[in-house]
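Colleague: Could you take me through this protein? I should like to begin with the general picture and then turn to details.

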Amino acid sequence: MAVSNNGLQFLHELQQKLKGVQEELDKGPRLIKAKENALAKRQAELEDVKAQHTAQRKLADQKSLQLKTNESKLVDLNTKLNMASTNREFDILKGQIAADKMANSVLEDEILDCMEQVDQLKSKIAEAEKVVAEAKDDVRKMTEQVAAAEAGLKERAARLLPAVAEAESIIPPDLAQTYRRLVGAHGADALSPVENSVCTSCYVALSPQQCVELRTGKFIFCISCGKLMYAPQA
């Protein structure tokens, strides 16, 4: 059975348009998901910095408490030093006091270092919170953009679906099953234009007889890729 190449070309063009619309519809949720994943990553980073800040504050508090305990111990040792009854006891207490003062000095430096890190982490928290806020805004904007485009895309799809079905009426009943199988396997690429006597889907050359039959409007399926071929009209 012969058919106009213009009809197959028109059908293919409609299929490609519908494919483009469906791809845009499918892309929207993926774009939103990508933004949501980015937000989740930023939130995890924020929680990590907060955890570091809490741990550093806790360490600073522990060291401060240890310093207070040590200072109380020094007061007690000084009291004992003043009450020492022998030179040996005096020397022992004096040596212990010197060692504890040195330990306290080190502890004070460690506390200062901890507090500096606490301040740095506090700044990092502020920066991370700003990044999270920006990521949340990105999710909101993308969601709004997708929603705004979705209505128009669905309207276009609703118009194209019956148009494709109508254009498919040129497919003869005896080839309908083969055509449907091709559409199921290749979607909008079930049809293939022929250029310079070559199937553009698999680049297999047509025989001279096939070229003649194609020009006369006969249905021809590619012997290599199996797609329904047509000669595009300028």
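**Overall picture and local details**

Modeller: This is a predicted model. Of the 234 residues in the protein, 31% are buried.

Colleague: How many helices and strands are there in the protein?

Modeller: The protein has four helices and four strands. Along the sequence they follow the pattern α-α-α-β-β-α-β-β. The radius of gyration is 40 Å, well over the 17 Å that the globule rule gives for 234 residues, so the protein is more spread out than a compact globule.

Colleague: What box do the C-alpha atoms fill along the principal axes?

Modeller: The C-alpha atoms fill a box of roughly 125 × 35 × 30 Å.

Colleague: Turning to the surface, which residues form the negative patch?

Modeller: The negative surface patch consists of Glu 71, Glu 108, Asp 109, Asp 113, Glu 116 and Asp 119.

Colleague: And which helix gives the largest share of the negative patch?

Modeller: Helix α2, residues 87-167, supplies the largest share, with five residues. Asp 113 is placed in helix α2. Asp 113 counts as partly exposed because its relative accessibility is 38%, and partly exposed covers values between 20% and 50%.

Colleague: Let us move to Lys 58. Where is Lys 58 placed, and is Lys 58 buried or exposed?

Modeller: Lys 58 is in helix α1, which spans residues 5-82. Its relative accessible area is 54%, so Lys 58 is exposed, the cut-off for exposed being over 50%.

Colleague: How far apart are Lys 58 and Val 118, in sequence and in space?

Modeller: Lys 58 and Val 118 are separated by 60 residues in sequence, and their C-alpha atoms are 9.9 Å apart in space.

Colleague: A change of topic: the backbone. What is phi of Asn 196?

Modeller: For Asn 196, phi is near 55 degrees, a positive value in a residue other than glycine. Most residues other than glycine have a negative phi. Asn 196 lies in the loop between β1 (191-195) and β2 (198-199).

Colleague: What about phi of Ser 197?

Modeller: Ser 197 has a phi near 65 degrees, which is a positive value in a residue other than glycine. Ser 197 is also placed in the loop between β1 and β2.

Colleague: Last point: is Asn 196 buried or exposed, and how does Ser 197 count?

Modeller: Asn 196 is exposed, because its relative accessible area is 76%. Ser 197 counts as partly exposed, because its relative accessibility is 34%.

Terms used:
Residues are numbered from 1 along each chain as its sequence is written. This is a predicted model: local features need pLDDT of at least 70, side-chain atom pairs count only at pLDDT 80 or more; totals for chains, interfaces and linings use all residues. Side-chain values use heavy atoms; hydrogens and water are left out. Patches are made of residues with over 30% relative accessible area and no salt bridge: like charges are joined within 9 Å, nonpolar side chains (Val, Leu, Ile, Met, Phe, Trp, Tyr) within 5 Å. Accessible areas come from the Shrake-Rupley method with a 1.4 Å probe; for residues, only the protein chains shown count as cover. A salt bridge is a side-chain nitrogen of Lys or Arg within 4 Å of a carboxyl oxygen of Asp or Glu. Lys and Arg count as positive and Asp and Glu as negative; His and the chain ends are not counted. The place of a charge is taken as NZ of Lys, CZ of Arg, CG of Asp or CD of Glu. Helices (H or I, at least four residues) and strands (E, at least two) are DSSP runs, numbered from the N terminus. Buried means under 20% relative accessible area, exposed over 50%, partly exposed in between (1.4 Å probe, protein chains only). The radius of gyration is taken over C-alpha atoms; the globule rule is 2.2 Å times the number of residues to the power 0.38.
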